[in-house]
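Got the model open? Let's walk through it with a few quick questions.

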Amino acid sequence: MKRPGLHPQKWTVDNIAKGTRELKMLGILYDWDREVAACDPDYYKWTQWLFLLFYERGLAYRAMSPVNWCPVDKTVLANEQVINGACERCGTQVEQRFLEQWFFSITDYAGRLLDNLDRLDWSESTKTAQRNWIGKSEGAEVAFRVQDLMEFAGSATVSGGGMSGEVIPTPVELRVFTTRPDTIFGATFLVVAPEHPLADLLTTDEQRAEVEAYREAAAKQDIVTRKVNKDKTGVFTGSYAVNPASGELMPVWMADYVLMEYGTGAIMAVPGHDERDFEFARKFGLPTPRVVGRDLHDTAPPTDAAFTESVNGVMVNSGQFNGLTVPEAKHAIVAWLAERGSAKPVVNYRLHDWCISRQRYWGPPIPIIYCDACGPVPVPESDLPVVLPPLEDFKPDDSGVSPLARDEAWYRVSCPQCGKAARRETDVSDTFLDSSWYFLRYPSANRDDVAFDPAVTRHWLPVNSYIGGNEHAVLHLLYSRFITMVLHDAGLLEFEEPFTRFRAHGTIIREGAKMSKSRGNVVNPDEYVEKWGADAFRTYLMFLGPYEEGGDFRDQSISGVRRFLDRLWASVHEATRAGDPDAAVMRKLHQTIRKVTDDIPALSYNTAIAAMMEYVNVLRAHERTPHAREVEPLVQLVAPFAPHAAEELWEVLGHDRSVFDAGWPAFDAALAAEESVTVAVQVNGKTRGTVQVPKDAEQPAVLEAAMADAGIAKFVTGSPKKVIYVRNRLLNVVV
RNA sequence: GCGAGAGUGGCGUAAUUGGUAGCCGCGCAGGACUUAGGAUCCUGUGCCGCAAGGCGUGGGGGUUCGAGUCCCCCCUCUCGCACCA
């Protein structure tokens, strides 16, 4: 998709045209009166409006933060856009930079985003992906008092307290998050991240040079290599803290395996029971005592690896808690520490706030104006949209500032509050923000006074069936849910979940291999439509495998679908109206109606098509001529798959309105019912034959019929000990 | 490493959810119609065996009258996440 040098305006317009042409060529049913384009000011006006709504509600904020920086695309990437340390777009190794960015407070909604999943009709794999992404951890925050270290004046608590010049020293505490508070007696040292705010304070003069060197090295490293490289490195800060449980002194270390962005940026290391801490302790010669054993006698320190059993373990070397199981100890120890003011239960999430800033040209400008007197001022709603100016020179440079800053006429504005000279925000918003609310805009696309009309929205939304790729499992779907929840809280939506049902389609591979441009095996729809027709192409895509799993696109196999459509075509053209339809064929027809009607909502398109193929085989068996009433409902059934052919054939059958206005064929259970059934006969569980019996026949009659069959009877060597009969299905004689 | 999903004929797949394994399609084989056919139409097609029959759903155990389906162990593949305390 990426075409270097091409102006994004042109690129976007071309792609929309190309996509539209393909959709129309394939007969995709879409309401073209409601087309939306995120790059259209009529659309992004409301994306900007959404930003302002978040800003007003305190859910949009600006913060300095380390970001993933792609040196080739010269832009910031979300963590989600970094794949194995490389830029998702161009594959370049990503670096770390510090920039001021706009964030949306999605973590405020982490709990709801997680809890609501339980009541959504989504594929389990997608829900699991979201749960893992949100990454809830229940544990405790524990405070460790640092030995001989006090914080003095200058802090807000002292100056605001009116203590008339008296300076009250407060002990420095290091707070850590742990999911294993039960192991606190085994915590032998603390580790802080290199970026930890207390790092300077903690570092003693003797250790300063070494610590500074370590911090500098860590700062140079990009975020990704740091996480990929799992060799433990670290440096002693010189400080000691007090273990609130054991009272023992613990050295405070600094290491880059502790991440500032998770928890408190500091950990209590329990080397006996955590693999990473174990590795670190071994490297730096620190002790690895045991506090959890297989039983009460299992007290010797682990030597080969950390003992991480966390369910059936029993506490040892842990004072009054010895003998408790791990889950019991978790509660008891947190309660005990809480009483003494050094711990509290805490829930932590892996999810980070959503960085929506992009230092790029092509995107909706973030509607903020910076004024030296007033600070950041939101653009008044009446001034929306903030239109992206046409720029010939749109490429980002190495400054980390959006190309928009180079357009002085656009960039310099007066402050909406005080009227003095001010500057526009030059970041544009993430494309995921555009796509996180398009389903709200779509039904109201023609409204220019509101983002979405309440009455229209009430009628059409939430989306009752959403089908997409699993690549959206965590990004698009999570952001959309978040946006919807906020709009709900703002009183603008009656629902808080946008997609009642979600299913992910599978991946289609080609001749056994993944399709890729480099391999040159992508399917170009034009060629197939040209050669086989749009209907055969569409129907084949539905037929080649289970929809939710994908399948293997084989050029040779498409001929089978084409043959089916040809046979359908011939059947309609040859159909007679003389006489009556055949009862057996009508039975098969109604069985087919039932099957297709059930399969479509279940996304079992491949079996629905197989059922219609079977029916056509029955229709034409032994070169018989089909009756018009036998084929007419079939044309309705096939219409969603092969709309062009169905529309033509519907006309051939004498209708003057569209087949899509004709409704769905009615299923008649009586016509579908079989009067006789084939029952499998087993002897000792092995199938030995079948018997034809009237439907719903009772066991004695079926047994009699089975014994009358010599091929079956010969296996019944003694008198039956037991006979199992499953009505209309199976008879098993145990001898 | 953690999480999710999947292993069925030569191939893509199906199986009323514990009840005849292989529907439908590709391919292949034989035949018909043909000057001809990369068209169309019939017939056959899991493997071994002349047959009777036996064997078969990644491998090994188990539950059951009966297992592709349920339980335990193992192997392989695909896709996410990955120093998350």
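Q: First up, is D555 buried, partly exposed or exposed?
A: This is a predicted model, so take the numbers as computed from it. D555 has a relative accessible area of 28%. Buried would need under 20% and exposed over 50%, so D555 comes out as partly exposed.

Q: Which residue does D555 meet in a salt bridge?
A: D555 sits in the loop between β26 (550–553) and α18 (558–574), and its partner lies in strand β25 (residues 507–510), so the pair ties together parts that are 45 residues apart in sequence. The partner counts as buried at 12% relative accessibility. With 3.2 Å from N to O, the residue that D555 meets is R510.

Q: How far apart in sequence are the parts that D372 and R423 tie together?
A: These two form a salt bridge, with the closest N and O atoms 3.4 Å apart. D372 is exposed at 69% relative accessibility, while R423 is partly exposed at 25%. D372 lies in the loop between β18 (368–371) and β19 (375–378) and R423 in strand β21 (residues 421–424), so the parts they tie together are separated in sequence by 51 residues.

Q: What is the N to O distance in the salt bridge between R657 and D661?
A: R657 is exposed, at 58% relative accessibility. D661 is exposed too, at 52%. Their side chains meet with an N to O distance of 3.5 Å.

Q: How many salt bridges does the structure hold?
A: Some of them share partners: R112, R119, D489 and E496 are joined into one network that way. Over the structure, the count is 39.

Q: Which element gives the most to the largest nonpolar core?
A: That core has 70 residues, and F54, F104 and W354 have the most contacts inside it. Leaving out residues up to four places away in sequence, F54 touches L59, A60, F104, F482, I483 and V486. The element that gives the most, with nine residues, is α2.

Q: What area does the nonpolar patch made by L23, I28 and Y30 have?
A: I28 is in the loop between α1 (8–25) and α2 (41–56). Patch residues need over 30% relative accessible area, and I28 has 37%. Together with L23 and Y30, I28 makes a surface patch of about 240 Å².

Q: Which residue's side chain does W460 join through a polar contact of 3.3 Å?
A: W460 lies in helix α14 (residues 454–460) and is exposed at 52% relative accessibility. Y442 is 18 residues from W460 in sequence and 9.8 Å away, C-alpha to C-alpha. The side chain in polar contact with W460 belongs to H459.

How values were computed: Residues are numbered from 1 along each chain as its sequence is written. Chains are lettered from A and ligands numbered from 1 in the order in which they are written. This is a predicted model: local features need pLDDT of at least 70, side-chain atom pairs count only at pLDDT 80 or more; totals for chains, interfaces and linings use all residues. Side-chain values use heavy atoms; hydrogens and water are left out. Patches are made of residues with over 30% relative accessible area and no salt bridge: like charges are joined within 9 Å, nonpolar side chains (Val, Leu, Ile, Met, Phe, Trp, Tyr) within 5 Å. Accessible areas come from the Shrake-Rupley method with a 1.4 Å probe; for residues, only the protein chains shown count as cover. A salt bridge is a side-chain nitrogen of Lys or Arg within 4 Å of a carboxyl oxygen of Asp or Glu. Helices (H or I, at least four residues) and strands (E, at least two) are DSSP runs, numbered from the N terminus. Buried means under 20% relative accessible area, exposed over 50%, partly exposed in between (1.4 Å probe, protein chains only). A polar contact is a pair of N or O atoms within 3.5 Å; within protein, one must be able to donate a hydrogen and the other to accept it, and residues adjacent in sequence count only if both atoms are side-chain atoms. A nonpolar core is a set of buried Ala, Val, Leu, Ile, Met, Phe, Trp, Tyr and Cys residues joined through side-chain atoms within 4.5 Å. Contact means heavy atoms within 4.5 Å.
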